[in-house]
Amino acid sequence: MPQLGLLPKRAWAALFSQLLRPPPSACTQAVRGHSQDFDIAGQFDPMIPDAECLKIICEILSGLQLGNFLIKMPWTDVRHEMVTKKGLAPEVADRIGDYVQCHGGVSLVEQLFQDPRLSQNKQALEGLRDLKLLFEYLTLFGITDKISFDLSLARGLDYYTGVIYEAVLLQTPAQAEEEPLNVGSVAAGGRYDELVAMFDPKGHKVPCVGLSIGVERIFYIVEQRMKALGEKIRATETQVFVATPQKNFLQERLKLIAELWDAGIKAEMPYKNNPKLLSQLHYCENTGIPLVVIIGEQELKEGVVKIRSVASRGEVAVKREDLVTEIQKRLSES
């Protein structure tokens, strides 16, 4: 579940100054490893691009079927850091804790509007109005059930100037007995309206908001779950491999693979004129390709092709005109 946090600079910096900024060691770190970014740059009306970025995160993580996703930052660890290492008075830390332990949806935003300390602060009210507007857009997108506003959320990067968000995965009940993966956040982002100006000689500001998907971490999660289920990790999406046991059959293989492609079947063949059949079959076993279509002199003479199951190594001959139908049937049953 993506969880929103409002940077102190945007919402309540004037209220608590630097006291509300958690120590660097307590800040949630950025998504590390290889990642895929998405950004929207330009001057637009408030919160519309921000809402779209959150919608994109939800679509990606839901589409990957990785399980429930949520943001969580334990306040107890932050308080200990503030008091024991930063010398902050316990009563001041507790006062901050009254806010940073708050999390929820639009009802929390409404509750904060009624807070006498926040309602008297111009910057805080500005941030709360933005969040209320954002939740209106998220409601229209139908993703408020996946969004939680959490005042404890902070990022370890200083260039963010507005709403920030971060997503981590939760274990589902079915995964309760599995060893936790502890991969941290799988997606993160936020608004950074002043970053571009830092690199522009004339200091022109370009408002920006974006997100980063932790591709490397997601691959790791998928890999670990497949291993736990005893599933083989496939290195390719290929469904059918077109092979031949004899020489000078490149043209026939090209005809077959074109027919499979035209039917929307994911097929491939070796880029060699005269490949060895054993090497072709070993390749299919190593990469997890489920079916092999074999054509040779005998098959061509009889007007058939052989379909080989890589798993069972069983073969069956089918009429050439029935090839696509038979392949589609087998793929639907697998």
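Me: Is Leu112 buried or exposed?
Reply: Leu112 is buried, with a relative accessible area of 4%. Keep in mind that this is a predicted model.

Me: Thanks! Which helix is Leu112 found in?
Reply: Leu112 sits in helix H5, which covers residues 106-113.

Me: And how far apart are Leu112 and Leu125 in space?
Reply: Their C-alpha atoms are 9.1 Å apart, with the two positions 13 residues apart in sequence numbering.

Me: Let's talk cores. Which residues touch the most other members in the largest nonpolar core?
Reply: Those are Leu61, Leu134, Leu138 and Tyr165, in a core of 38 residues. The elements giving two or more residues to this core are helices H2 (48-63), H5, H7 (122-141) and H9 (215-228), along with strands S6, S7 (185-191) and S8 (208-213).

Me: What lies apart from that core?
Reply: Another core does, this one of 18 residues. Among its members are Leu256, Ile257, Leu260 and Leu291.

Me: Any general reason why nonpolar side chains end up together?
Reply: In soluble globular proteins, nonpolar side chains tend to be buried together.

Me: Switching to charges: how many salt bridges are there in the whole structure?
Reply: A search of the whole structure turns up eleven salt bridges.

Me: Let's go through a few. What does Glu252 pair with?
Reply: Glu252 forms a salt bridge with Lys255, and their closest N and O atoms are 3.6 Å apart. Both residues belong to helix H10 (residues 250-262), where they are three residues apart, about one turn of the helix.

Me: Are those two buried or exposed?
Reply: Glu252 counts as buried at 16% relative accessibility, while Lys255 is partly exposed at 48%. The cut-off for buried is under 20%, so Glu252 falls on the buried side with its 16%.

Me: Good to know. What about Glu285, which residue does its side chain meet in a salt bridge?
Reply: The partner of Glu285 is Arg313, at 3.1 Å from N to O. Glu285 lies in helix H11 (residues 277-287) and Arg313 in the loop between strand S12 (304-309) and strand S13 (315-319), so this pair ties together parts that are 28 residues apart in sequence.

Me: How accessible are they?
Reply: Glu285 is partly exposed, with a relative accessible area of 23%. Arg313 is exposed, at 52%.

Me: And what does Lys306 meet?
Reply: Lys306 and Glu299 meet through their side chains in a salt bridge of 3.6 Å, N to O. Lys306 counts as partly exposed at 30% relative accessibility, whereas Glu299 is buried at 8%.

Me: Which residues are joined into one network by salt bridges that share partners?
Reply: That network consists of Asp50, Arg191 and Asp193.

Me: Now aromatics. How many aromatic pairs does the count come to?
Reply: The count comes to three aromatic pairs. One of them is Tyr159 with Tyr160, a tilted pair at 4.9 Å centre to centre with 40° between the planes.

Me: Are Tyr159 and Tyr160 buried or exposed?
Reply: Tyr160 is buried, with a relative accessible area of 7%, while Tyr159 is partly exposed at 30%.

Me: What about Phe241, what does it pair with?
Reply: Phe241 forms a tilted aromatic pair with Tyr283, 5.5 Å centre to centre and 50° between the planes. Since Phe241 lies in strand S9 (residues 240-243) and Tyr283 in helix H11, the pair ties together parts that are 42 residues apart in sequence. Phe241 is buried at 3% relative accessible area, and Tyr283 counts as partly exposed at 34%.

Me: Back to Tyr159. Where does it lie?
Reply: Tyr159 is in the loop between strand S5 (148-150) and strand S6 (163-169).

Me: Which residues does Tyr159 touch, leaving out those up to four places away in sequence?
Reply: Tyr159 touches Arg191, Tyr192 and Leu195. Tyr192 also joins Tyr159 and Tyr160 in one aromatic cluster, and Arg191 belongs to the salt-bridge network with Asp50 and Asp193.

Me: Last one: what feature does UniProt place at Tyr159?
Reply: The UniProt record, an unreviewed entry, places the feature "binding site" at Arg155, Tyr159 and Tyr160.

Note on methods: Residues are numbered from 1 along each chain as its sequence is written. This is a predicted model: local features need pLDDT of at least 70, side-chain atom pairs count only at pLDDT 80 or more; totals for chains, interfaces and linings use all residues. Side-chain values use heavy atoms; hydrogens and water are left out. UniProt positions are given in the numbering used here, feature names are shortened, and annotations may be inferred rather than shown by experiment. Helices (H or I, at least four residues) and strands (E, at least two) are DSSP runs, numbered from the N terminus. Buried means under 20% relative accessible area, exposed over 50%, partly exposed in between (1.4 Å probe, protein chains only). Contact means heavy atoms within 4.5 Å. A salt bridge is a side-chain nitrogen of Lys or Arg within 4 Å of a carboxyl oxygen of Asp or Glu. A nonpolar core is a set of buried Ala, Val, Leu, Ile, Met, Phe, Trp, Tyr and Cys residues joined through side-chain atoms within 4.5 Å. Rings of Phe, Tyr and Trp (its six-membered ring) pair if their centres lie within 6.5 Å; planes under 30 degrees apart count as stacked, over 60 as edge-to-face and the rest as tilted.
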